[in-house]
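Colleague: Could you take me through one part of this model slowly? I would like a close look at a single chain, and then a word on its surroundings.

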Amino acid sequence: MKLQRKNRLRALSLGALAVSGALALTACGSDDTSGSGDGGKETTANANIKCDDAKGQLAASGSSAQKNAIDAWRKVYTTNCKDVQLNYNPTGSGAGITAFLQGQTAFAGSDSALKPEEIEKSKKVCSNSQAIGLPLVGGPIAVGYNVPGVDELTLDAKTLADIFNDKIKTWDDKAIAKLNPDAKLPKTKIQAFHRSDESGTTDNFTKYLKGAAPAAWPYEPGKSWEPKGGQSANGSAGVASQVKQTAGAISYFELSYAGEGIKTVDLKTQAKEPVKATVDNASKAIAEAKVVGKGKDLSLELNYKPTAEGAYPITLVTYEIVCEKGNKAETLPATKSFLTYIASEDGQNVLKENDYAPIPAEIISKVRSTVAGLS
Amino acid sequence: MSTTTPTPPGPLVERPATLKAATLPRWSPLAVALGSAAVAVGIGLGAGLHSRIQWGLIAALLFIAGSYALAVAVEGTRQARDRLATSLVWVMFLLAVVPLASLIYETVQRGIKVFDVYFLTHSMGVLSDEETGGGIYHALIGTLQQVLLASVIAVPIGLLTAIYLVEYGRGKLSKVITFFVDVMTGIPSIVAGLFVLSFWILILGFGYSGWAGAMALAILMMPVIVRSTEEMLKLVPNELREASLALGVPKWRTILKVVLPTAIGGITTGVMLSVARIAGETAPVLLLVWVNPLINTNPFEGSQASLPLYVYQQYAAGTDASYDRAWAAALALIGFIMILNLAARGIARWKAPKTGR
Amino acid sequence: MDISSKTTARPPVDDVQPVAPVDKAAARGATRPGDRIFLGFSRGSGIALLAIMAAIAAFLTYRTALALADNTGNFLTTFEWDPAGSSTGGKPYFGIAVLVFGTVVSSVIALLIAVPVAIGIALFISHYAPRKLATPIAYVIDLLAAVPSIVYGLWGALVVAPNLTGLYSWLDDYFGWTGVFEYNGGAPRSLMTVGILLAIMILPIITNVSREVFLQVPKMHEEAALALGATRWEVIRMSVLPFGRSGIISASMLGLGRALGETIAVATVLSPSFLINASVLDYGGGTFAQNIASKFNEASEYGQDALIASGLVLFVITLLVNGAARLIIARRKEYSGANA
């Protein structure tokens, strides 16, 4: 008996040690990442950001296309409004909308406008009002490639469609050579990568192919990749890193994922000169978009055959989805204050620095007035 | 060797000089190994094969063929077959050690880069994927709390079920339970995650939380604990139970005071091993705990992070800085699990049941 | 193990009976309030466990039924995964043929590689290695069994896969004519890569179990063979391997069970697409768990039902494999007489 008691004592003291150790651990952590690595870049306080009584955990999820934009905004916003813990989970648009409709999140990010049945469903979580989509992030979808020795590459919609449909198999194909008379094209096989997960990026890219080269692209545009075969990877970061690693690779992703390591294709459009994938050129195309949403919903219809000189045709607009009325009381102040900031001029300017395109002035002013009226 | 057997020289020339068959010297396998490695490197360089894997495979083939041929020539086929088996076993061993060693080496070498006190004591804060810095503190807290909560649910249920099966159960019920425990060990972890997701979050309407993740982990943990505890309880000699019962001690006290203490070492090991297993689970956590780059010390409200999830996300982010963080977090995770394992083994040795093993 | 429990190590409650000649309940020790409460608790937790299991089964079957009710394709033979019906005008059209193929092929590759190697290591530890080396090696391999799959995935995607291109083009050069080893360049993110990674992952578990079995071979058998002048290989062939055969089989089955359900590691190294490729070196294909993990996030509620239906199939397959493994282990224990 004595022996056992001793053991139990020992076990008890071990347990106590573990618990106190855990407690000690909880005391020494910190969320403040400034002062190491790139975290040291101090973000300045911005008097234009109004926190009001925004506080608490602000959970949101959705499109991974706008992840880098939200990251940049979050940095500025939370240095100014220290009481808000913004937490954006890049789960993908579908999961984001599902979580929002289930009342899990304060807002969702989506690459595509709300569908009628989603608006119908939203009446439950928005208590007698409905969900609306606010276009807040625009951006070019770049076509990145990795062909050693080729620094500039021009393609048109038909060639792109043939490449991704496995009709053009090598880089020295005539169709590519015709568009690039000056380039030294190698014999390398083309490795076309697509997204293995469903995504709004795929949706917009295939819409462009279908819209601009309907004969060469027989598939229905959609969030999942229709053609059989081809190589794939998960997420924009995934395909981008495959392009970086694989010689002869080509794929599509938001410009912000191209970074410095990946060259992007210039697109031949109706205009005279091939168009580079830049933020400004994307803005020109987005300016031609039409608002098709009803009421306060600001869903856009993009034009994949822009006529303006220098407009880059493959673009993507990401919407933040909130309730028009009947947002959850505890997160409403934070949601409103954050959306007000990102719709403001300061907020939209942050986009340009991060390879995203601001929303054209006419549309963004509508967004601002809608955000002001959220309740 | 031939010198040790004094065979007088004489007219019997045809008799072998020794009763022992000719053998290769002891250093011959090593020599063959070195030789084949050298030839393989030569071939690799000569033919311009870039992949080291091919070099290794060529060396392995040469080694097996070389030692077999040599043995056939000198020792005869039976011995040669023995040599062949020996060299095959050695090659298999090396073949397996290389990837496993590479796994450990790469994780340590790439992980150590950003692995420091700062990394352990800071969360990701508001860093974006491309920026260096940040840490795993939030994930560490999340994993510790989720694993602890899962153990709090699973250990009592698992222990009591095992006690029921070994000490009481004999009817249909125990057979059914045994069968379903087996079934439960086969649940893919993502299915457990889906189950909790639809019950707790979608039907009952609770939010994402560390607790939700802990429940899924508990489901994965229970059958492992039941199984290992069952085995340990069976090892307890019946004489102990009989002696205690004969003294008039009630059965429940016998179980608590005699049976359990005897088996406690093995039971603890089983529990620790199951903890180590669930600490590395990614799939259910991905669905239930969500992510949170910031510290959340309350597992019952709001999303949390966890170490395996952190590794997965940093890998998915795909930037150089995030790869560094992923490796460092993988190192931390392996370290955490190794410590648990070593502790479990230590306890097992310290308190091993004294059966005639 | 459950079978052996009936025959061997059950505590002899009945032996106690003559001491206290009372009714059955008393024999079970449930007369005193303390006993009754304790029995209640332990039986209760057993029932709780059953309830959880039943709830999971009911949930899986319910959502599977929902999914299958609206599927216009044949669930078993359809080569596509389109629960949203985007190519058929809104009618769900999906099946698991590709997933079955991918799961089976990758697991078989894993077993083909892992089993011989694992037997090699197990024999090395039990019969070949110097004593001083054997214990630490066994120890390290034990520890490797506990390395989480996400770490294997990270290592597989960033270290192993980039190094396989050379091997694959070499295989293509010499065995490409078979069709199975055709390689068209591109990132080596194929079923073969998955198989290799899975092989490395299940190696420790197969090794551990086989080693345990080899160590249980009765010493007398081995010594008898040695005394007859057998070489070490002949000892192994004549006494160790026959004795350990069922153990090796069940160890492989346990490994197979793990390979079938592996999720994250597969998702990180495979380039998935819904088609069946004759060549194991070319990208494409998919496995059950990987498909669930990579599609679940963007799926609609019905899409989730479809994925859960595939999860149920995986569950049943894993169950059968594990069950077979346990049966073999239990049978071996019954008739071997080695550890009696």
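My part is chain C. Of its contacts with a separation of 6 or more, what percentage is accounted for by residues 24 or more positions apart?

Modeller: The figure is 71%. Keep in mind that this is a predicted model. In chain C, then, 71% of the contacts with a separation of 6 or more join residues that are 24 or more positions apart.

Now the building blocks. Chain C has 14 helices and 2 strands. It is 340 residues long, and 51% of those residues are buried.

Next, the domains. Chain C splits into domain 1, residues 24-69, and domain 2, residues 96-339. Take the centre of each over its C-alpha atoms, and the two centres are 34 Å apart. The two domains touch. Domain 1 of chain C gives 6 residues to that contact, and domain 2 gives 7 residues. Look at the side that domain 1 turns to domain 2. Its residues are 4 nonpolar, 1 polar and 1 charged.

Now bring in the record. An unreviewed UniProt entry marks the feature "transmembrane region" at several spans of chain C, among them 191-210 and 247-270. Others in the UniProt list include 46-69, 93-125 and 137-161. Check two of these spans against the model. Residues 191-210 of chain C are 100% helix and 0% strand. The C-alpha atoms at the two ends of that span are 27 Å apart. Residues 247-270 of chain C are 88% helix and 0% strand. Here the end C-alpha atoms lie 32 Å apart.

Chain C also meets chain A. That contact takes 21 residues from chain C and 24 residues from chain A. Which elements of chain A take part? Helix 3 (93-101), strand 7 (231-233) and helix 8 (235-245) each supply at least two residues. Strand 7 of chain A has the largest share, with 3 residues. Sort the chain A side by residue type, and you find 15 polar, 7 charged and 2 nonpolar.

While you are on chain A, find K184(A). It sits in the loop between helix 6 (174-179) and strand 6 (191-195) of chain A. Is K184(A) buried or exposed? A residue counts as exposed with 12 or fewer other C-beta atoms within 10 Å of its own. K184(A) has 9 other C-beta atoms within 10 Å, so K184(A) is exposed. Setting aside neighbours within four places in sequence, K184(A) is in contact with G149(A) and V150(A). Look at D172(A) as well. D172(A) is 12 residues from K184(A) in sequence, and their C-alpha atoms are 8.4 Å apart.

Last, set chain B beside chain C. Chain B has 13 helices and 0 strands. Read from the N terminus, its elements are α after α to the end. Chain B has 357 residues, and 54% of them count as buried. In chain B, too, residues 24 or more positions apart make up 71% of the contacts with a separation of 6 or more. Its C-alpha trace spans about 100 × 70 × 35 Å along the principal axes. The radius of gyration of chain B is 29 Å, whereas a compact globule of 357 residues would come out near 21 Å.

Now return to your own chain. Trace domain 1 and domain 2 of chain C on the screen. Then pick out the span 191-210 in chain C, which is 100% helix.

Definitions and conventions:
Residues numbered from 1 in each chain as written. Chains lettered and ligands numbered in written order. Predicted model: local features only at pLDDT ≥ 70, side-chain atom pairs only at ≥ 80, totals over all residues. Helix = DSSP H or I, 4+ residues; strand = E, 2+ residues; numbered from the N terminus. Buried ≥ 20, exposed ≤ 12 C-beta atoms within 10 Å, placed from the backbone. Rg over C-alpha atoms; globule rule 2.2 N^0.38 Å. Domains from an automatic or database assignment. Nonpolar A, V, L, I, M, F, W, Y, C, P; charged D, E, K, R; others polar. UniProt positions renumbered as here; feature names shortened; annotations may be inferred.
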